[in-house]
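Please look through the model below with attention to how its chains meet. The paragraphs that follow begin at an interface and then turn to one of the partners.

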Amino acid sequence: MNSTPLDHLIVMPILLPLLTSAIMLLTSERQRTAKNVVSIATILAVLVIDIILLLRIVAVGLEGAPATRAYLIGDWPAPFGIVLVSDWLSALMLILAATLALAAMIYATARWERVGPRFHALFLLQLMGLNGAFLTGDIFNLFVFFEVLLAASYGLLLHGSGEKRVKAGLHYVSVNVLASLLFLIGTAMIYGVTGTLNMADLAYRIATVPARDIALLQSGMAILGIAFLIKAGMWPLSFWLPRTYAAASPPAAALFAILSKVGIYAVLRIYLLLFGEEGGWAINFGEEWLLIGGIATLAFGTIGVLAARSLAGVAGYSVLISSGSLLGVIGAGRGQVLGGALYYLVSSTLALAAFYLLMELVERADARTVDLIDGEPVFDDEETEVRVLEQEESEIGTRIPATIAVLGGGFVFSVLLMAGLPPLSGFLAKFAMIDGLLDLSENIAATSWWLIGLLIVSGLAILISTTRAGIDLLWTPDVNKPPLRVSEAAPVGILLGVCLGLTIFAGPVMRYMERTAISLYDREGYIQAVLKVLPDKDRAST
Amino acid sequence: MELVLALAIGVLTASGVWLILRPRTFQVIIGLSLMSYAVNLFIYAVGRLRVDAPPIVGKGAANPALYDDPLPQALVLTAIVISFAMTALLLVVLLASRGLTGTDHVDGEEEGE
């Protein structure tokens, strides 16, 4: 295979946000319009590149050829150098991340980018970390990109400051630093036993580990797994999550909707790659933990949603429900079910992000006084004047007529999506997962029944608690029509529109997801694609 | 040598965990720092301990057994930088929390108030 200039596109989702965020740091905070335009343009460019990457994979993959592409950074051969890998799953996750980022960034231009300094730089760094985590082909770089995206998320969480955010931030940062330490310990143990950190090389060597080292390798994998599951929000490692997400500003929270999915992505990638159906001790290692942990998370999320008294609580526990469903389904077994799970991953992430954006708009109607900045600013340097300006300016802006109709419509849409009721993609996703679970074997295990039951009950719980909140917020006679800008309603529209698209084109989308599931089970294909790729200098000589 | 390193890692981790479980923010940060030192030493140890062996292989070197494993050193270097940055960030959050709440309790309020 000859290399083409298009091959180099794979580094752009990482480089482009990094460069732009560096420029953002150098320019003055007063250049607001320019910064907004550049940010949105960057995210759009990343989205376009992601779509090109996806089309390239689909073009090859539909003909049955292995669609996994590895890119050697610095032209060092695979197990020694750093590789970036794009395949069905990473292309999907990249597009999901860019879509969320686009919606959140448009939303932020209405007012949120002004409530604290350096919002754009942090936001783009977060996108860079996400993209890097989805593209990287070795565990240590996964760690580095995790740290990049976490460091940016700490900044975004504190964006807007205020006592609530700082208090939540302290716990969030501490828990995640601890998780990162576990990640490092796991990585080190795996390196100590196998002598490699490249995922493909690891999958290849895992069968050849001598018997006396297996226990050590298994402990390393387990510690690494715990680090991923902390990020994925599995109960009981997730007690901090609903409160933290509730404290974040809406655009940050919308982007956080994909943070827990990074943990799920890492589990999918590493667990399915390393532990196949064949090969001694590695047969489905730790599967029952994912299943039981998923069920526990789902149960905890369901109870939490029922107990939640605010929309933020409902949204936070819905994140856990989404994580729990995915982990449970991944652990329940192999086969068709994974395609449904991936569809659910996309649909639920978009719905949650839309809900986080909508939440503040709906509550603004209720609170009537917009509590933009609570408490004294903490990371304040050049912002004070801008802030005063902002408060005078907040009266200006196009108002949408019939605000409540727009808000109510969006609210109903996102609740239908999250609860998994027909006719939208949330229902199709749940249906595909349950159908897959029932198809797994002749005798359906008791745990599968529990999982199916909880999948259905959790939807009911979300419906009950959002209805309760919706009656309070939307059905009361409207005293003051809350201001609502096009730039705030549009991103919610984008996210819900994508979900609508997922519903209408459910057939092709499901085929893509099923193809992704097949490629995830194809361990040999991934290993070959990464380890057999030749550096350019060798390619020229042959 | 192995015993000294193992003891160092063990003592650092134990002290770190004890400090993390304390209710004061500063102790939590010191605890996290101690634990990251322990983890860094641990990463170094998984590359097998060698004394007086260079990690950089010169031109024409034939026997890799004479050299130290360079990868753990690269990993430790990255890990140190990252944990340093995280500690700095946590310190800023600590100061913010102290300034906003007037206490250094991790929950932002003293018990019994």
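How much area is buried between chain B and chain A, and what share of that area do carbon and sulfur atoms give? In this predicted model, the area buried between the two chains comes to about 2600 Å², and carbon and sulfur atoms give 84% of that area. On the side of chain B that touches chain A, at least two residues each are supplied by α2 (25–46) and by α3 (70–101) of chain B. Of the elements of chain B, α3(B) gives the most to this side, with 16 residues. Sorted by class, the side of chain B that touches chain A holds 22 nonpolar residues, together with 6 polar and 4 charged ones.

Counted by residues in contact, the interface brings 32 residues of chain B against 29 residues of chain A. As for polar interactions, the rule finds 0 salt bridges across the interface of chain B and chain A, whereas it does find 2 residue pairs in polar contact there, both at pLDDT 80 or more.

Turning now to chain A itself, the reader can trace 22 helices and 2 strands along this chain. Of the 542 residues in chain A, 61% are buried, and among the contacts in chain A with a separation of 6 or more, 81% are accounted for by residues 24 or more positions apart. Chain A exposes about 20000 Å², and carbon and sulfur atoms supply 67% of that exposed area, while for the area buried between chain B and chain A the corresponding share is 84%.

Notes: Residues numbered from 1 in each chain as written. Chains lettered and ligands numbered in written order. Predicted model: local features only at pLDDT ≥ 70, side-chain atom pairs only at ≥ 80, totals over all residues. Heavy atoms only, no water. Contact = heavy atoms within 4.5 Å. Buried area = accessible area lost by both parts, 1.4 Å probe. Salt bridge = Lys/Arg side-chain N within 4 Å of Asp/Glu carboxyl O. Polar contact = N/O pair within 3.5 Å; in protein donor to acceptor, adjacent residues only side chain to side chain. Helix = DSSP H or I, 4+ residues; strand = E, 2+ residues; numbered from the N terminus. Nonpolar A, V, L, I, M, F, W, Y, C, P; charged D, E, K, R; others polar. Buried < 20%, exposed > 50% of the residue type's maximum accessible area, 1.4 Å probe, protein only. Areas by Shrake-Rupley, 256 points an atom, 1.4 Å probe, with all protein chains shown as cover.
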